[in-house]
Amino acid sequence: KLSKEEKLRLNEEKKQDKEREKLLKAAAKAKAAEVRKHNKEMEKWGKGKYALKSIVADIDKKVVELGTIAGHLITRFAEKAISYRITSNPIERSILWSMVIPEELSGVESKSIEIYYVLFIYEAEEFCNLILSETLEDHVQTVQKHYPHYTICYATNRLLAYINKREQAQFKNPTNHTDWKPPGIDEVLAKLATHYFKVHSRLCVDEAELAEHVIGLTCSLANCQFRKKLTRLSVNANGSIIPRDCVDRDLIKKNLWLKALVSIPKVQPRFAVAIWKKYPTMKSLLSIYMDPTLSVHEKEFLLKDLATEGVLGDDRRVGEVCSKRIYRILTAQSGDIKTDDVESGADFFSR
């Protein structure tokens, strides 16, 4: 038999064990809740919920010195609550962007993700001077050397209005403007687009449009970091080629195989739905097209008798023309032949 003191001691130990167990369960529960919260925040980050909060624009101080532009630009950044820094970038008049992963999400010190895009902002007269002095191409090459993987964009303010004003002044009083000549802006901008890779230009009519372009570009750069990467099998139209009055519009937009069928020229949505009901995946149809025991004639007319549902409920067939077209498009061997040529059988003849 236990003494009274021993019983009290055992009861106290049991009580302490229960208290420790209770504390351990509470700690584990709190940790699990913290992990769930962190995972939820990471999921939101992966979906781009914090994209605009995480992007930071590094604005070169030369841009801020352009008083009329800087006022509109800083105001729009403040209105959109987008972070920015006034700094000295490696190349003047540029704006660079980066994404900052918050410390609470990364678990370590805040990380910065580089965005491969650089924007240069010029007033009209300064950009014209670049062209007239024939230093614009040198500037492009310098930027490409410093930022080899970047997309480059030149944004100008009131460029066309400036050139028009100078031309009118020269026309009215040619003796006072003999030292100025039109810079040939159309040819220069066309050369930037055709002779250089990832070099663009944007002509803005005033400071407000320029600021709006920078803000829109910032939002796009932030959100595009979280979009699904396109593959060779991606269908980019996303339903834009589907008639708005199509009954199956929502079904087609949600199904990649249906979107691929509709993207083939002259394949109507009801034909695509009829084919999808018989062959629910591209693989199921291609497995028959690749069957060596079937003749080309049988494969070309494989889909012709599939029934489609008309608008008025009348049943129609896919038809021989559509069946042949789909077969020839999906089994084409050469990628440089035009679609109409493939439909006409050009891919079946050697050149």
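**Exercise 1. Leu-203 and its strand**

Task: In this predicted model, determine the element in which Leu-203 is placed, and decide whether Leu-203 is buried, partly exposed or exposed.

Solution.
Step 1. Leu-203 is located in strand S6, which covers residues 199-204.
Step 2. The relative accessible area of Leu-203 is 31%. Partly exposed residues lie between the limits of 20% and 50%, so Leu-203 is classed as partly exposed.
Step 3. A spatial relation may be added. Leu-203 and Ala-155 are 48 residues apart along the chain, while their C-alpha atoms are separated by 6.0 Å.

**Exercise 2. Cysteines and disulfides**

Task: State how many disulfides a search of the whole structure finds, and examine Cys-204 as a case.

Solution.
Step 1. By nature, a disulfide is a covalent bond that joins the sulfur atoms of two cysteines.
Step 2. The search of the whole structure finds zero disulfides.
Step 3. For Cys-204, the nearest cysteine sulfur belongs to Cys-153 and is 8.4 Å away. A disulfide requires two cysteine sulfur atoms within 2.5 Å, and Cys-204 is therefore in no disulfide.
Step 4. Accessibility completes the description. Cys-204 has a relative accessible area of 2% and is buried. Cys-128, at 1% relative accessibility, also counts as buried.

**Exercise 3. Charges on and around helix H1**

Task: Identify which lysines gather in a patch of positive charge on the surface, and describe the salt bridge between Lys-25 and Glu-21.

Solution.
Step 1. The patch of positive charge consists of Lys-40, Lys-44, Lys-49 and Lys-53.
Step 2. Of these residues, consider Lys-44. Its place is in helix H1, residues 4-46, and with 32% relative accessibility Lys-44 counts as partly exposed.
Step 3. Helix H1 also holds both Lys-25 and Glu-21, which are four residues apart, about one turn of the helix.
Step 4. The side chains of Lys-25 and Glu-21 form a salt bridge, with an N to O distance of 3.7 Å. The limit for such a contact is 4 Å, so the pair qualifies as a salt bridge.
Step 5. The two partners fall into separate classes of accessibility: Lys-25 is exposed at 56%, whereas Glu-21 is partly exposed at 43%.

**Exercise 4. The salt bridges of Asp-305**

Task: Find which residues meet Asp-305 in salt bridges, and explain why the pair with Arg-317 ties together parts that are apart in sequence.

Solution.
Step 1. A search of the whole structure finds 14 salt bridges.
Step 2. One of them joins the side chains of Lys-304 and Asp-305, at 3.2 Å from N to O.
Step 3. Asp-305 also meets Arg-317 in a salt bridge, here at 2.8 Å from N to O. Asp-305 lies in the loop between helix H15 (296-300) and strand S7 (307-309), and Arg-317 lies in strand S8 (residues 315-317), so this pair ties together parts that are 12 residues apart in sequence.
Step 4. Asp-305 counts as partly exposed at 49% relative accessibility, and Arg-317 is partly exposed with a relative accessible area of 46%.
Step 5. Salt bridges may also be linked in a network, as with Arg-76, Glu-79 and Glu-212.

**Exercise 5. Ile-329 in helix H16**

Task: Locate Ile-329, and state how far apart the C-alpha atoms of Ile-329 and Asp-341 are.

Solution.
Step 1. Ile-329 belongs to helix H16, residues 320-330.
Step 2. Its relative accessible area is 22%, and Ile-329 is partly exposed.
Step 3. Asp-341 is 12 residues from Ile-329 along the chain, and the two C-alpha atoms are separated by 9.9 Å.

Definitions and conventions. Residues are numbered from 1 along each chain as its sequence is written. This is a predicted model: local features need pLDDT of at least 70, side-chain atom pairs count only at pLDDT 80 or more; totals for chains, interfaces and linings use all residues. Side-chain values use heavy atoms; hydrogens and water are left out. Buried means under 20% relative accessible area, exposed over 50%, partly exposed in between (1.4 Å probe, protein chains only). Patches are made of residues with over 30% relative accessible area and no salt bridge: like charges are joined within 9 Å, nonpolar side chains (Val, Leu, Ile, Met, Phe, Trp, Tyr) within 5 Å. Accessible areas come from the Shrake-Rupley method with a 1.4 Å probe; for residues, only the protein chains shown count as cover. Lys and Arg count as positive and Asp and Glu as negative; His and the chain ends are not counted. The place of a charge is taken as NZ of Lys, CZ of Arg, CG of Asp or CD of Glu. Helices (H or I, at least four residues) and strands (E, at least two) are DSSP runs, numbered from the N terminus.
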